[in-house]
Each structure stands twice: as C-alpha cells, then as structure tokens.
Protein chains: 2
Amino acid sequence: MELLPRDQIAFQRMLDVIRRNYERFGFLPVETPVFELTDVLLTKTGGETERQVYFVQSTGALEQGGTPELALRFDLTVPLARYVAEHEHDLAFPFRRYQMQRVYRGERAQRGRFREFYQCDIDVIGKDTLSVRYDAEMPAVIHAVFSELGIGPFTVHLNNRKLLRGFFEGLGIAEGEQQMLVLREVDKIDKRGAEAVRATLVGDGFSLADAVADKILAFVQVRSTSHADALARLAALGQGSEMLAQGIAELRDVLELLKAYGVPEKNYALNFSIARGLDYYTGTVYETILDDYPQIGSICSGGRYENLASSYTKSKLPGVGISIGATRLFWQLREAGILSTADSSVEVLVGLMDEARLGDSLEIAGLLRAGGIHTEVQLEAKKIAKQFQYADRAGIRFMVLYGEAEAERGVVTVKDLRRQEQFEVPRGELVAALKVELEQQRALQGR
Amino acid sequence: MELLPRDQIAFQRMLDVIRRNYERFGFLPVETPVFELTDVLLTKTGGETERQVYFVQSTGALEQGGTPELALRFDLTVPLARYVAEHEHDLAFPFRRYQMQRVYRGERAQRGRFREFYQCDIDVIGKDTLSVRYDAEMPAVIHAVFSELGIGPFTVHLNNRKLLRGFFEGLGIAEGEQQMLVLREVDKIDKRGAEAVRATLVGDGFSLADAVADKILAFVQVRSTSHADALARLAALGQGSEMLAQGIAELRDVLELLKAYGVPEKNYALNFSIARGLDYYTGTVYETILDDYPQIGSICSGGRYENLASSYTKSKLPGVGISIGATRLFWQLREAGILSTADSSVEVLVGLMDEARLGDSLEIAGLLRAGGIHTEVQLEAKKIAKQFQYADRAGIRFMVLYGEAEAERGVVTVKDLRRQEQFEVPRGELVAALKVELEQQRALQGR
C-alpha cells in the first residue's frame, strides 16, 4: 500500500491516535530491527508461516549461496519474545510495551492483502505470574482507541480458552489435541456457517454424537446483550470441571473490572465462539467487531498466553496483548467509505501577490510556525487565482494574504476555504486568531 | 541499534521534534514500501552502493534460485524519484514531502555503523523549474529542528557547486570530469588534511601547478564569520565565468533570504570546502556541524539537484532537499554525552495500597487519561516501598496515592519523585493540578 499525501495524512492520524492511547495507558515504546536471525524467527512456527517468510541477503552472501542467515519479521510477537529474553535483566516487570512497526509476509499479491503492513501491538508481560486484572485493561485500551478513531460503534467480543476447554471436557472431549481440533473447527463458524461446521463435527474425522454437536453449536452461538446478561450467561454454565470454573471466574473478573475501567456495556459482549486461531492463547481472548460492518471481521484481536519466550529463556513469562493491523484496517475502512481523504497537514498557505512582499510573507510564516501552525509559503508571485486553486486542491484550509492594501492598514486578509469566508485581522493578532479557529476545528473533530 | 524503553523514548522524542518541524514548514508525509524492484533500485547506482544492497526473496523464490526481484531501499532518494515519477499526475508541484523511514545497507557490523537506520528527509520538487528561494528554506528548517532538539550550538555550512565549478574553470580546470575528481579530492580535506590533499593535487594523478594547488587550498579554507562577512567573501571572488557568477548570485540570494527567514547569523556560514560526495548535486549544498563537536561530522546534509527522476520519467524535476540520519545522530549524541536517557513516557503511576481501592484507582486513572496524562495503574497491592522503587527506577515522575486516610478527607496524595516532595490535592482537582505541573516541566524543557 503506497498512499498519496492526503491519504498518508489520514493514515498517519490513525497511527497517532493509536499511539497516543497506548501511551496514555502507560505503555512504553519498543522498536526492534526488521531483521531477525532465521533460526530465531523460525523456532516456533509451523509450515505455513515458514513459507511466507522473506529471507534477506547482501550481495556477497547471495553469491556464496546457502541458507540466508537473516529474515524479515512476520509479526511483532516473535521479536517481542526475543527482546524480552535478551533484555530481561534490564526490564521492570510487569513489562508494558507498545510496538508499532511494519511486518512482512510473502503473500501472493491480492486485493487487501499486503506483503508489508503495520502492526500496532501492546503486551503486558509478567515474570512468573500476571494477574488476570491485566486482561481487563486490554478492552479498556481498545475502547479508548476506537472511540477516538470515531469509525462507528464497535464491540469487543470476549471469551476464555479455559472456559472453552472446560466445556468440552464436560462433553467428554477430554483430550487436549482433540479439543484443539474442535476449537479450530468451531473457529470457522463465521466463515463456513454453523451447518457446515456441524457436518464436520459429526462426520468421520470427529465422529461426535448428534447431541454433543448440537450442544457445541448452541454454546458457540452465545452472545451476551448487556453486562448483566453476560454475568447471567456465565452463571448459567453451572458447575463443571476445575478448568470450566477457572474460565468462568476469569471472565467474571474481567467483566467486573471493565465496569470499573468505565468501558460502556454496549462496547463489550461475551461471545463463546471465539477461540482465535493461534494455539498459544490460554485464557482470555478478544476480537473487536465494527457493529455496522461485521463483514470486515476483527479489527483488533489478542489474548492471554502462558509463556511468551520459552524458546529463548528459562524464565516463565506469562502475558496478555492485543494487535491492530493498521494497514489492513485503514484499507478496509477506506473501501467501506468510513474513512475519507484527510485535509492537508498544512493548515495555512501564505500567499504572495507582490514579489516585494516576500520578506513579510516569511516573517508572517515564521510567527505562525512559532505558534505551532503548519504553514507553507508561496515563494513565487503567481496569479492569485492560481494560488487559491492550489490551496483548495491541496486541502489547505486557510490562505493568508498581505499585499499593499493590507500593509497600509496594518491588517492581514484571511480566507477560510472551507467556510468560504474572508475576514481581516490586525497583523499582530493573526496567530492568536488562527489558533482559535484551528482549536475549534480540532475540538469538533474530537482530536 | 536496539534500545531499552527509556532510550527508545528519548529517540522517539527526537523523531517527534524532527517530524513536528517538517510539518510546521508545510511538508507532506510520504511513506514508501521497504521493497523496491531490484531493477529500479540499481538504475543509477555505482558499484559501491550495489555491494551494500540487501536482496529479498520469499521461500519459494529462494528455492528456484536466480537473481532476486526485490531489494531493500538503501536511501529515500531513489524511492522518492520512483514515487514522484509514478504519481506525477496526482501531485501538486512544487511537491513538498517529508519521509522518515528506515533504510538498509549491507555494512559490515561496526561500532556506530548500522545496517538499518532512520533517515529523515525533506525535499521540494519542482516541475521544469524550481526557484533558488527554496534553497533558503532548507537551512531555515535545519535551524528550527536543531534549535528545538537543544543539542548545543550548530552551524549550517553553505556552498554552491556552480561556484566551485566556476572557480575551477577560472584556474583552467575546465573539463567536467577533471573538476569532479578535484572536487572529490577537496571533499576529503577534513579527513585527510590540507597537506595530503595538496600532495595529491600536485602529484601524478592531477599534475596541477603549485600555484594552482595553493589557490585551491586557500579557496576551500574560506569560512565566513558573519552575514556581512559572507557577502564580502562572495564579493571578493570578483568577476569570472558565467558559472561562477551564477554560483555567487545563488548563494547571495540564499543568504539574503536566510535573514528574512529569521535564521540567526551565528547559525550559518559559507564554507567553500563543501562539495558533498554525491555527484548529482548541482547548486547549493549544505552540511550542518555541531560547533562543540566538529568531530561528529555533518549531522544534516543535502543540496540542490537538477533532475530527480531522469531514469523514470521524461519530465524534468529539479529539487532541493536535506537528510538527517537520525539513528546515527542519536547514537553519536549519546556517545558524546549530549543526550541522556529520558524520563519515562509514563507521567503518573497510580499506586495501590489496599485491594478494596482498585476501583478508585481505575477511576482516578481514567480521569487522568481523559486529561491527556500518561498513566499507569498498579493493579496489585504491593508494599508501598516497592511501588515507589518501581516508579523511581522506571523514571515516572509522579505517584498518586488514594488510601483510607485520603478517602476520608476527599483528597489524593501526590508524590513528586523528581522534586522529592509530597502534597495533597482535593480529588476533584487532581487532573488540573498535575496538568499544570507537567506543562511547567514541558515549558522548562522547551517542548
């Protein structure tokens, strides 16, 4: 995805909102190199991921042949694991980091599929233990980010892998491997539909009894409709295995803290169908759905895992995290017409009507910039109509003019291209006046 | 370079200052993919660059063998040329873009040399023509960036390739190729010393007369000491070729506009030794030196070029730009002790003395975050001394406590870990009080 400047500005604003909210919640920035050692990168991963890795070689190494030592990261989780293991003794735990960088996957070029895309992750990593309370912080951050992005109503769907497992144990599906296979199948319910999944479950591979398959399908279609309903749904699961009880207790804790975090109940719901494809989640799992655009799928997902970095350290490092795939999200929002091209990041164009006034233009621009206003200067006198046209096309809201007439009266003419208005202000009050206008604009846009 | 969080925060602030100033001057953001087609990337480049390129292949391509189709960008200039040529009809000219991304070079691992590093570039690209006035904007931006970075006094050294060429023509070194060789030699004067360069110039390769070599060495040691001195130095060059006259006129225009831009004269100087290694500069050239740390070399360089994208389009696209190598700069400033580890980006830690107060902690944190304050919450009650220790080590300035005693009186205790002070504020006034403190801190730090 390569964007024209005004789309890049819109994308940049999205990244800024995400970063600002991550920082407000006290997450610390980390950036890691794009290269990881091939050995490190491929420790944990299965065949599918391996095929999608980009290997890197400098010219010399290319000539020598052999397996490349370096590869490009395909997510931010493996680099996080390597980073935490490597710097373990310099970090304070629970370690709260955010990371917003590009990752690379050797996808076939396809609409909406990108070989290079931004991931924006937060994780809290504990040493030995990490309270389930951190699991409640993730939806609170999701709520803050997507409220400020202003892309419409959304719901954080919650589930818990222990609850899922406990439920399956209660149905006699006790073996871990078998549970995992059923979970993977159930995970496809939105894509394949309930009937297709049911057919697979009673078919040769799984050979489940009809009644068991029915129970599974009823279970995974549970969605809570309010905070009280969510608690009632948990209570309705009744007694069961230790595993089920743990899952229920964790979800209840998360729900109660969500209330304390001030997350409105319309923004979260239990959804027992969510399992997340990745095998390493062990507790709470999250997906975030735009209520009016469910077809977009989850726009922010994650969960709790038992041990982040078992391949790189003997320390036990449980964690919980979420990820926003910003490039894909931006693309989807644009396709759906939810996001549009932004105004220019340039707020003011200082026009030039008379070559002799260039010095004044530069002085005015200097004052505007010192006031924090993004200002471009027309450095060559052109027809004034052309200058307006340029500002208008570029999406610059204000044009400032200072010609003979203005100089005589000590004023500046401001043309507001959005409101199609024009007004004069004393030269000395220009910066303050425009700051007020721009503040109002920001306030209106909720920024 | 991989940083621990507090160093990453310091680095991030540097990038933020650069970006903020680029935006204030009305530059538009562009990001390009890290991959370019190998053919595109290697169009213009000589052997040295080629050896430093990283080639990229997905697993499938690797198995098939052959020359990789993709390579990682080694600067932001080639991607800019490709971008402008590709999107020419969608861009408004003069096209003003900033780009802050990582670039990749297959350097041997070495102290202070990085295989992956940030470049922060701005360029103004004209169509057919671009006024020399834009050349004066570059030092104005450099001045804004490095003033705000606050890393000590600095000087933008200015020269002009036409002036250099005109001067050499006056000495009878008329042939372009020969001039370029002399220029390259002269460019090494800081590294090799005047005597070594002189020896080379009168030696077998160049065979210049002693008098000519002397004139060259005297010329390249010119440094102006003030604005008036700079103009006088230009005047002293006297009459000469058309080329020399053009160079003088351009430098004079730039100097005069610098004054109009409000750049203090202590921050710029003529330096006739500057040629810049790259062959494509054709007019003004810049280097920026920290006055107290000249050994660091140029921290921001660039210049004017005749045609950006001749390999990719028939349009003539003259431009002028500068580049800050932020990764190397950050590393050098840290090595020199000019930059130190930053405070945490977390401004407040809400402590927890009593499990029953967790709800209050989360509510207080919510208010702080709504006020734009970066806030972390202690989610598990630990010994209060441990919580202080954590905040102190993490570089978090404020700790907020709300226990039984505070609840009874409707106040919050604030501990300022930097000033080693403690005070109480009514709970309802906490956000406003901390905002004032943090504003003061930002003002003191010039942010």
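## Backbone geometry

D128(A) has a relative accessibility of 49% and therefore counts as partly exposed, since exposure requires a value over 50%. The model is predicted. D128(A) sits in the loop between β6 (116–125) and α6 (133–149) of chain A. Its phi is near 70°, a positive value in a residue other than glycine. Q420(A), also not a glycine, has a positive phi as well, near 55°. The loop that holds Q420(A) runs between β15 (411–416) and β16 (421–426) of chain A. With 67% relative accessibility, Q420(A) counts as exposed.

Cis peptide bonds occur in both chains. In chain A the bond from F93(A) to P94(A) is cis, with omega near 0°, and P94(A) belongs to the loop between α5 (77–86) and β5 (95–104). In chain B, F93(B) and P94(B) are joined by a cis bond with omega about -5°. P94(B) is likewise placed in the loop between α5 (77–86) and β5 (95–104) of its chain.

## Confidence

The mean pLDDT of chain A is 91, and 97% of the residues score at least 70. Among the elements of chain A, strand β8 (residues 268–270) has the highest mean, 98, and helix α3 (residues 47–51) the lowest, 57. Where pLDDT is low, the predicted coordinates should not be read in detail.

## Symmetry of the two chains

A turn of 180° with a shift of 0.0 Å along the axis lays chain B on chain A, with an RMSD of 0.0 Å. The two copies are thus related as by a two-fold rotation axis. The same surface serves both copies, as 100% of the contact residues of chain B recur in chain A. V56(B) comes closest to the rotation axis of the residues of chain B, its C-alpha lying at 2.3 Å.

## The interface

Contacts between the chains involve 76 residues of chain B and 76 residues of chain A. About 6800 Å² is buried between the two chains, and carbon and sulfur atoms give 56% of this area. Of the area that chain B buries against chain A, E2(B), R24(B) and E31(B) supply 11%, more than any other three residues.

Between chain B and chain A there are 10 salt bridges and 24 residue pairs in polar contact. Helix α1 (residues 5–24) of chain B gives eight residues to the side that touches chain A, the largest share.

## Salt bridges

Over all chains the count is 68 salt bridges. One that crosses between chains joins the side chains of R82(B) and E2(A), at 2.8 Å from N to O. R82(B) belongs to helix α5 of chain B, while E2(A) is in the segment before α1 of chain A. R82(B) is buried, at 12% relative accessible area, whereas E2(A), at 21%, counts as partly exposed.

R133(A) and E355(B) also meet in a salt bridge, at 2.4 Å from N to O. This pair crosses from helix α6 of chain A to the loop between β12 (348–350) and α15 (358–370) of chain B. E355(B) is partly exposed, with 39% relative accessible area. In chain A, salt bridges with shared partners join R357(A), D360(A), E363(A), E404(A) and R427(A) into one network. Another salt bridge links R102(A) to E31(B), at 2.7 Å from N to O.

## Helix α14 of chain A

Seven of the 10 residues of helix α14 (residues 326–335) of chain A are buried, so the helix is mostly covered. The buried residues are A326(A), T327(A), L329(A), F330(A), W331(A), Q332(A) and L333(A). They pack against α1 (5–24), β6, α6, β9 (281–290) and β11 (319–325) of chain A. Just after the helix, G337(A) has a positive phi of about 75°.

R334(A) forms a salt bridge with D7(A), with the closest N and O atoms 3.1 Å apart. The pair links distant parts of the chain, from D7(A) in helix α1 to R334(A) in helix α14, 327 residues apart. D7(A) is buried at 12% relative accessible area, while R334(A) is partly exposed at 29%.

## A buried aspartate in chain B

D416(B) is in strand β15 (residues 411–416) of chain B. Its relative accessible area is 1%, and the residue is therefore buried. The side chain of D416(B) reaches the backbone nitrogen of R418(B) at 3.0 Å. Leaving aside neighbours within four places in sequence, D416(B) is in contact with R397(B), F398(B) and E421(B).

How values were computed:
Residues numbered from 1 in each chain as written. Chains lettered and ligands numbered in written order. Predicted model: local features only at pLDDT ≥ 70, side-chain atom pairs only at ≥ 80, totals over all residues. Heavy atoms only, no water. Helix = DSSP H or I, 4+ residues; strand = E, 2+ residues; numbered from the N terminus. Buried < 20%, exposed > 50% of the residue type's maximum accessible area, 1.4 Å probe, protein only. Least-squares fit on C-alpha atoms with pLDDT ≥ 70 in both. Contact = heavy atoms within 4.5 Å. pLDDT = per-residue confidence, 0-100. Buried area = accessible area lost by both parts, 1.4 Å probe. Salt bridge = Lys/Arg side-chain N within 4 Å of Asp/Glu carboxyl O. Polar contact = N/O pair within 3.5 Å; in protein donor to acceptor, adjacent residues only side chain to side chain.
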